[in-house]
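Thanks for coming, everyone. I'll put the structure up and then walk through it, chain by chain.

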Amino acid sequence: MKYLCLVYCDEGLLHSLPDSPADAECQAYAQVLEGSGRVLAAQALQSVQAATTVRVRNGQMSLTDGPFAETKEQLAGFYLIEARDLNEALNIAKGIPAARVGSVEVRPVRELQP
Amino acid sequence: MLGEQLREVVDELYRRDSRRILATLIRLLGDFDLAEEAMHEAFFIAVERWQRDGIPSNPRAWLVSTGRFKAIDLLRRHARFDHAQADLIMLVPSDDDPGDEALLGDDRLRLIFTCCHPALAADVQVPLTLREVCGLSTEQIANAFVQRPATIAQRIVRAKAKIRDAGIAYQVPEQAELAERLDSVLRVIYLVFNEGYSASSGEAVVRRELCDEAIRLGRLLLQLLPAPQVTGLLALMLLQASRQAARSDLDGNLVLLDQQDRRLWNHQQIAEGCQLAEQALRAGPAGIYSLQAAIAALHAEALRPEDTDWAQIIGLYDVLQRHWPSPVIELNRAAALARRDGPQAGLVLIEALLQRGELLDYHLAHAACAELHGQLGQTEQARAAWQRALILTQQGPERRYIEQRLGDLQGR
């Protein structure tokens with residue numbers, strides 16, 4: 001099964017807490033997962049301040065500067081993984097360095113019905 | 001065989017084995033609802049088929065394999081026939097003999113671990129376990145928890161959907177995860193027990209059923225997975241349940257430990273509980289349930305309240321507090337200390353606890369204070385503390401008890 005691990009954290013604190021992971025550590029973890037063939041994609045994201053939200057209503061596109069919702073914690077990165085079951089996915093999520101300072105939401109991927 | 005007799009045999013088989021058969025079908029079919037439906041169909045067919053052909057040599061195996069074939073019929077009938085799923089059902093290795101005791105046991109254990117998976121919220125783990133593992137009806141569960149059946153049904157549906165969609169594996173966790181996952185199972189069983197035992201509301205009869213069900217689950221788990229923590233939990237539940245009959249009088253009023261008629265205690269449960277508690281403690285590092293069981297055993301072994309070995313009880317609370325610090329344990333320890341060293345010694349500790357702002361909303365902390373003030377002849381402080389306790393509890397028997405104690409203080 002595929003799972004998307006969404007890493008949420010207060011952006012302002014993500015890099016400044018004693019337990020905050022350095023980029024190198026995050027990169028190393030992604031590489032380990034890649035080596036075992038269990039990661040399909042993994043990226044860190046720029047701040048929500050860099051986000052633009054797009055909506056199309058009645059054929060009209062509107063743009064908003066910023067994320068779709070203002071939240072206390074923001075999406076800071078993601079790992080799209082392949083795991084045997086939820087237990088394996090949770091074990092992978094547990095190892096994500098940012099889990100020490102933020103939260104990792106593990107969401108099963110829904111395969112679209114043809 | 002006469003129809004009447006056969007029906008009795010099938011009913012008995014259902015009572016004894018339906019949960020085990022269900023657990024196996026869930027493994028084979030990978031779908032809770034399909035398994036439940038297929039099992040009921042299998043029992044239905046059994047009545048008619050066995051009438052004609054006689055009872056098979058292994059009725060359980062017959063029911064499992066009939067259920068499995070029935071599942072394919074059901075998929076077809078529901079017009080959600082999916083070749084992939086049907087193929088999958090037939091592909092599941094059939095070399096395992098469905099009558100195999102060990103394998104059936106494994107299936108039940110799988111089911112317990114799945115229903116108590118920590119990825120499910122506690123408020124769904126409990127009803128799901130009662131429904132799937134114990135076979136209680138949605139109505140029974142709703143009654144016991146004073147919820148509407150629709151609410152309980154909804155939670156169970158939500159849980160099954162999560163198990164399916166999130167890919168929660170139907171398996172006993174590997175050794176590395178077992179300890180942590182077992183904790184979750186034990187917590188669910190103890191929650192079921194406590195809901196029955198310390199009745200925050202609800203009917204007395206249904207509540208006793210919950211206690212019995214929790215003990216039954218504990219026994220089942222111990223049989224499937226003999227680990228000291230499981231032994232400890234079963235011991236604790238048996239020792240607490242042993243006092244059930246003495247805990248309230250004929251009018252449903254609360255009777256505290258000291259005032260209980262100890263002849264009403266269930267001495268069979270006490271004997272078994274004490275033996276299991278000892279066994280659990282001998283088996284290795286003391287667990288949280290084993291230690292509480294040991295405390296309960298010391299109470300149970302005292303023929304009169306004054307025979308209680310308070311020193312040893314305090315020692316056990318010290319160990320508990322060291323490994324699982326909690327203000328409630330501190331409170332209980334203080335109450336035990338008051339028995340050994342006098343009310344003033346206990347009161348100092350409880351007041352310090354309240355001063356820290358902990359347990360301020362816990363009625364039993366104020367009740368303990370009130371009791372000790374009363375023993376010291378400090379009527380005013382006792383009255384104030386009983387009143388605080390009264391505000392904090394909704395439970396009928398407890399309120400009546402506190403009101404009675406307040407009444408006793410009048411005119412003093």
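**Chain A: hairpin and sheet**

Start with one pair of residues: R55(A) has S62(A), in β4(A), as its bridge partner. This is a predicted model, by the way. Back to the strands. R55(A) belongs to strand β3 of chain A, residues 52-57. β3(A) and β4(A) pair antiparallel, with 6 bridges between them. Together β3(A) and β4(A) make a hairpin, and 2 residues separate them. Look at the turn: N58(A) has a positive phi there, about 50°.

How many of the residues of β4(A) are buried? The count is 0, out of 6 residues. So strand β4, residues 60-65 of chain A, is hardly covered, given that buried takes 20 or more other C-beta atoms within 10 Å.

Now zoom out to the whole chain. Chain A has 3 helices and 6 strands. In sequence order, the pattern reads β-α-α-β-β-β-β-α-β. The C-alpha trace of chain A spans about 45 × 45 × 20 Å along its principal axes. Of its 114 residues, 20% are buried. Take the contacts in chain A between residues at least 6 apart in sequence: 75% of them join residues at least 24 apart.

Next, the open sheet. In what order do its 4 strands run? The order is β2-β5-β1-β6 in chain A, and the pairing is antiparallel. At the edges sit β2 (39-44) and β6 (103-108) of chain A, each paired on one side only. From one strand to the next, the twist averages 20°.

A closer look at one pairing. β2(A) and strand β5 of chain A, residues 74-82, run antiparallel and are joined by 5 bridges. Within that pairing, A42(A) stands opposite Y79(A) of β5(A). Two helices pack on this sheet. Helix α2 of chain A, residues 23-35, touches β2 and β5 of chain A. The direction of α2 makes about 170° with that of β2(A). Helix α3 of chain A, residues 86-95, touches β1 (2-9), β5 and β6 of chain A. For α3, the angle with the direction of β6(A) is about 155°.

**Where the chains meet**

Briefly, the interface. 5 residues of chain A are in contact with 6 residues of chain B. On the chain A side, the residues divide into 3 nonpolar, 1 polar and 1 charged.

**Chain B: helices**

On to the other chain. How many helices and strands does chain B have? It comes to 19 helices and 0 strands. Along the principal axes, the C-alpha atoms of chain B fill a box of roughly 80 × 40 × 40 Å. Chain B has 412 residues, and 39% of them count as buried. Among its contacts between residues at least 6 apart in sequence, 59% join residues at least 24 apart.

Two helix pairs to show you. Take helix α14, residues 310-323, and helix α15, residues 327-341, both of chain B. Their axes are 9 Å apart, and they pack at an angle of about 160°. That makes α14(B) roughly antiparallel to α15(B). The crossing of α14(B) and α15(B) is left-handed. On the α14(B) side, the contact residues include W310(B), I314(B), Y317(B) and L320(B). Among those from α15(B) are I329(B), E330(B), R333(B) and L337(B). By class, the contact of α14(B) with α15(B) has 9 nonpolar, 2 polar and 4 charged residues.

The second pair is helix α18, residues 379-392, and helix α19, residues 396-409, of chain B. These axes come within 10 Å and cross at roughly 160°. So α18(B) is roughly antiparallel to α19(B). The crossing of α18(B) and α19(B) is left-handed. Contributors from α18(B) include R383(B), W386(B) and L390(B); α19(B) brings I402(B), E403(B) and L406(B), among others. The class split for α18(B) with α19(B) is 7 nonpolar, 2 polar and 4 charged.

**One residue to finish**

Last stop, P228(B). It lies in helix α11 of chain B, residues 228-241. Why does P228(B) count as partly exposed? Because it has 18 C-beta neighbours inside 10 Å, and buried would take 20 or more. Leaving out residues up to four places away in sequence, P228(B) touches A280(B), A283(B), G284(B), G287(B) and S290(B). P228(B) and Y289(B) are 61 residues apart along the chain, yet their C-alpha atoms are separated by 9.4 Å.

That's the tour. Over to you.

Methods:
Residues numbered from 1 in each chain as written. Chains lettered and ligands numbered in written order. Predicted model: local features only at pLDDT ≥ 70, side-chain atom pairs only at ≥ 80, totals over all residues. Axes fitted to C-alpha atoms, helices over the stretch in contact; angles between N-to-C directions. Parallel < 35°, antiparallel > 145°, perpendicular 65-115°, else oblique. Left-handed = near helix turned anticlockwise from the far one by under 90°. Contact = placed C-beta atoms within 7 Å. Nonpolar A, V, L, I, M, F, W, Y, C, P; charged D, E, K, R; others polar. Buried ≥ 20, exposed ≤ 12 C-beta atoms within 10 Å, placed from the backbone. Pairing = 2+ DSSP bridges.
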